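Grab your viewer and work through a few exercises on strands, packing and charged pairs. Try each task yourself before reading the solution.

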Amino acid sequence: SNWKPNYCYNTASSCTKSTTPKVYSTTEGGNVTVRCSLFLHPRNRKFLCREECNKFLFDTNDVTATGDRYKIEYESNTLFNVTITELTKSDSGRYRCGVGRNYAKNTCQEKKMHLYPSSKPYQPPNNHPTTTATTLQPPGNP
């Protein structure tokens, strides 16, 4: 596909925003799963970005993909989930999750994240898995 991340980010107008931002409150060192309620096909490009999408974090055409701290999972034709792990104070702020489309405007949904200090000292995990991306084939012919 010829879809480029910048297609959504060069001008805010090309990114149709939907609904008022949902606020996620969570603690440092933990995980958060953001639910992105947007119409999509399992193979549409799904992405997460910061602020006005000038900082691009993670995207995939796969049904499920995992990066170092990000995971995107297609759930239904109106929903996909983005999980962020090992949260730090710098993760606080505004995000947009979105769906990239080749022949129509991309759609984005704004989210806000508030991080609070964890009640217990944060212990980093012992294992740091390498980046993997898993491709799940849909049943039948695409």
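Below are five exercises, each with a worked solution.

A note on conventions first. This is a predicted model, so to speak of local features we need pLDDT of at least 70, side-chain atom pairs count only at pLDDT 80 or more, and totals for chains, interfaces and linings use all residues. Residues are numbered from 1 along each chain as its sequence is written, and side-chain values use heavy atoms, with hydrogens and water left out.

**Exercise 1. Lay out the open sheet and find its edges.**

Task: work out the order of the four strands in the open sheet, then say which strands stand at the edges.

Solution. Start with the vocabulary: strands (E, at least two residues) are DSSP runs, numbered from the N terminus, and two strands pair if DSSP finds at least two bridges between them.

- Step 1: E2 (residues 32-36) and E7 run antiparallel, joined by five bridges. Arg35 sits opposite Asn81 of E7.
- Step 2: E6 (residues 70-76) and E7 are antiparallel too, with six bridges. Phe80 in E7 is the bridge partner of Tyr74, and two residues separate E6 and E7 in a hairpin.
- Step 3: three bridges connect E5 to E6, again antiparallel; here Ala65 faces Ile72 of E6.
- Step 4: put together, the order is E2-E7-E6-E5. E2 and E5 (64-66) are the edge strands, each with a single partner, so one side of each has no neighbour in the sheet.
- Step 5: the twist from one strand to the next averages 15°, using axes that are lines fitted to C-alpha atoms and angles that run from 0 to 180 degrees between N-to-C directions.

**Exercise 2. Check how covered strand E7 is.**

Task: how many residues of E7 are buried, and which ones point each way?

Solution. Buried means under 20% relative accessible area, exposed over 50%, and partly exposed in between (1.4 Å probe, protein chains only).

- Step 1: E7 spans residues 79-84, and six of its six residues are buried.
- Step 2: Leu79, Asn81 and Thr83 point one way, while Phe80, Val82 and Ile84 point the other way.

**Exercise 3. Find the hubs of the largest nonpolar core.**

Task: which residues touch the most other members of this core, and which strands each supply at least two of its residues?

Solution. A nonpolar core is a set of buried Ala, Val, Leu, Ile, Met, Phe, Trp, Tyr and Cys residues joined through side-chain atoms within 4.5 Å.

- Step 1: the largest core holds 21 residues, and Leu48, Phe80, Ile84 and Met113 touch the most other members.
- Step 2: E2, E4 (55-60), E6, E7, E8 (93-100) and E9 (106-116) each supply at least two residues of this core.
- Step 3: apart from this core lies another, of five residues, including Cys15, Phe47, Cys49 and Cys53.
- Step 4: zoom in on Leu48. Contact means heavy atoms within 4.5 Å; leaving out residues up to four places away in sequence, Leu48 touches several residues, among them Phe56, Phe58, Val82, Ile84 and Tyr95.

**Exercise 4. Trace the polar contacts of two buried side chains.**

Task: what do the side chains of Arg45 and Gln109 reach?

Solution. A polar contact is a pair of N or O atoms within 3.5 Å; within protein, one must be able to donate a hydrogen and the other to accept it, and residues adjacent in sequence count only if both atoms are side-chain atoms.

- Step 1: Arg45 belongs to strand E3 (residues 45-50) and counts as buried because its relative accessibility is 17%.
- Step 2: the Arg45 side chain makes a 2.5 Å polar contact with the side chain of Asp59 and another of 2.5 Å with that of Asn61.
- Step 3: Gln109, in strand E9, is buried at 4% relative accessibility. Its side chain reaches the backbone nitrogen of Ser37 at 2.9 Å and has a 3.3 Å polar contact with the Lys111 side chain.

**Exercise 5. Sort out the salt bridges.**

Task: how many salt bridges does the whole structure have, and which residues are linked in a network?

Solution. A salt bridge is a side-chain nitrogen of Lys or Arg within 4 Å of a carboxyl oxygen of Asp or Glu.

- Step 1: the search finds eight.
- Step 2: one joins Arg69 and Asp91 (2.5 Å, N to O). Arg69 is in the loop between E5 and E6 and Asp91 in the loop between E7 and E8, 22 residues apart.
- Step 3: Glu110 and Arg94 form a salt bridge at 3.2 Å, N to O. Glu110 is in E9 and Arg94 in E8, so the pair ties together parts 16 residues apart in sequence.
- Step 4: Glu110 is buried at 9%, whereas Arg94 is partly exposed at 22%.
- Step 5: the network links Glu51, Arg94, Arg96 and Glu110.
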